[in-house]
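Work through the exercises below with the model open. Each task is followed by its solution.

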Amino acid sequence: MPFKDTVPKKRIEYQGKNIRVSRTSGISATKTVSKDGYAATFNTNHGIRLHKRLFKGARMGFQNGNFQFIGRYNSGPFNFNVSKTGVSTSIKNKRGSYNIIKPNYSSFKFAGVQVRGKNAATLQLFFMAFTLVINVIKLLWHIMISLLWMTFLTLRWMVDFIIGFYKGYK
């Protein structure tokens, strides 16, 4: 049975324009050449990818002889991903993202430590529930303050009206 590391690791990497150095994947250099929607990307770790932009957010191509179709779209806090294997959607927040259709593809980052997979999905659900509770409390607070203010203004208007009516009656 292989050793399973359960301790989250901190992401250590350097990412420049054409080079990336990371703790897990080592050093890789990338260069993309593109013209009129067609492009070729050369990567020292992943080989050559030839691809064509179909429309904004979508491309198809070949990498190492394998067909690729990738579409990425975002609207507000939601991200939509389309590929040849299916569709997924995720919601992002300041702690990472929760993948609604494929929860094991979620991520959670806290204090520089990134967690992915099932643990990240659980942490994201707790974080979103906590955020929801805090926002409901804030909403109720604002509603209560507004109701108190409107009650005060109504009473103040009624007092002014009665005083004015009384002075006008004299």
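**Exercise 1. Classify A111 by accessibility, then place it and check its backbone.**

Step 1. This is a predicted model. A111 has a relative accessible area of 64%. The cut-off for exposed is over 50%, so A111 is exposed.

Step 2. A111 sits in the loop that links β11 and β12.

Step 3. Its phi is positive, about 55°, although A111 is not a glycine.

**Exercise 2. Repeat the analysis for N64.**

Step 1. Find the element. N64 lies in the loop between β6 (58-63) and β7 (66-75).

Step 2. Read the backbone. N64 is not a glycine, yet its phi is positive at about 55°.

Step 3. Classify it. With a relative accessible area of 55%, N64 is exposed.

**Exercise 3. Is S107 buried or exposed, and which residues does S107 contact beyond its sequence neighbours?**

Step 1. S107 belongs to strand β11.

Step 2. Its relative accessibility is 8%. Buried means under 20%, so S107 counts as buried.

Step 3. Set aside neighbours within four places in sequence. S107 then contacts R95, G96, S97, Q114, V115, R116, A120 and Q124.

Step 4. Take one pair. S107 and R95 are 12 residues apart in sequence, and their C-alpha atoms are 8.0 Å apart.

**Exercise 4. Do the same for S88.**

Step 1. S88 is in strand β9.

Step 2. Its relative accessible area is 8%, so S88 is buried.

Step 3. Leave out residues up to four places away in sequence. S88 touches N79, F80, N81, N99, I101 and K102.

**Exercise 5. Test whether the span of α1 agrees with its residue count, then find what its buried residues pack against.**

Step 1. Helix α1 covers residues 118-169. It has 52 residues.

Step 2. At 1.5 Å a residue, α1 should span 76 Å. The expected span uses one less than the number of residues.

Step 3. The end C-alpha atoms of α1 are 76 Å apart, which agrees.

Step 4. Buried residues in α1 include A120, A121, Q124 and F127.

Step 5. The buried residues of α1 pack against β9 (86-93), β10 (96-99), β11 (107-110) and β12 (113-116).

**Exercise 6. Which residues form a nonpolar patch on the surface?**

Step 1. The patch consists of L132, V136, L139, L140, I143 and L147. Together they have about 580 Å² of accessible area.

Step 2. Take I143 as a sample. I143 is in helix α1. Its relative accessible area is 41%, so I143 is partly exposed.

Step 3. Recall the helix geometry. An α-helix has 3.6 residues a turn, so residues three or four places apart point the same way.

**Exercise 7. Describe the whole chain, from its elements to its dimensions.**

Step 1. Count the elements. The protein chain has one helix and 12 strands.

Step 2. Read the order from the N terminus: β-β-β-β-β-β-β-β-β-β-β-β-α.

Step 3. Compare the radius of gyration with the globule rule. The radius is 28 Å, well over the 15 Å that the rule gives for 170 residues, so the protein chain is more spread out than a compact globule.

Step 4. Add the box. Along the principal axes, the C-alpha atoms fill roughly 95 × 50 × 30 Å.

Step 5. Check burial. Of the 170 residues, 16% count as buried.

Step 6. Check contact range. Among contacts with a separation of 6 or more, 10% join residues 24 or more positions apart.

Step 7. Finish with the surface. The protein chain exposes about 13700 Å², and carbon and sulfur atoms supply 66% of it.

Notes:
Residues numbered from 1 in each chain as written. Predicted model: local features only at pLDDT ≥ 70, side-chain atom pairs only at ≥ 80, totals over all residues. Heavy atoms only, no water. Patch = residues over 30% accessible without salt bridge, like charges linked within 9 Å, V, L, I, M, F, W, Y side chains within 5 Å. Areas by Shrake-Rupley, 256 points an atom, 1.4 Å probe, with all protein chains shown as cover. Salt bridge = Lys/Arg side-chain N within 4 Å of Asp/Glu carboxyl O. Helix = DSSP H or I, 4+ residues; strand = E, 2+ residues; numbered from the N terminus. Buried < 20%, exposed > 50% of the residue type's maximum accessible area, 1.4 Å probe, protein only. Contact = heavy atoms within 4.5 Å. Rg over C-alpha atoms; globule rule 2.2 N^0.38 Å.
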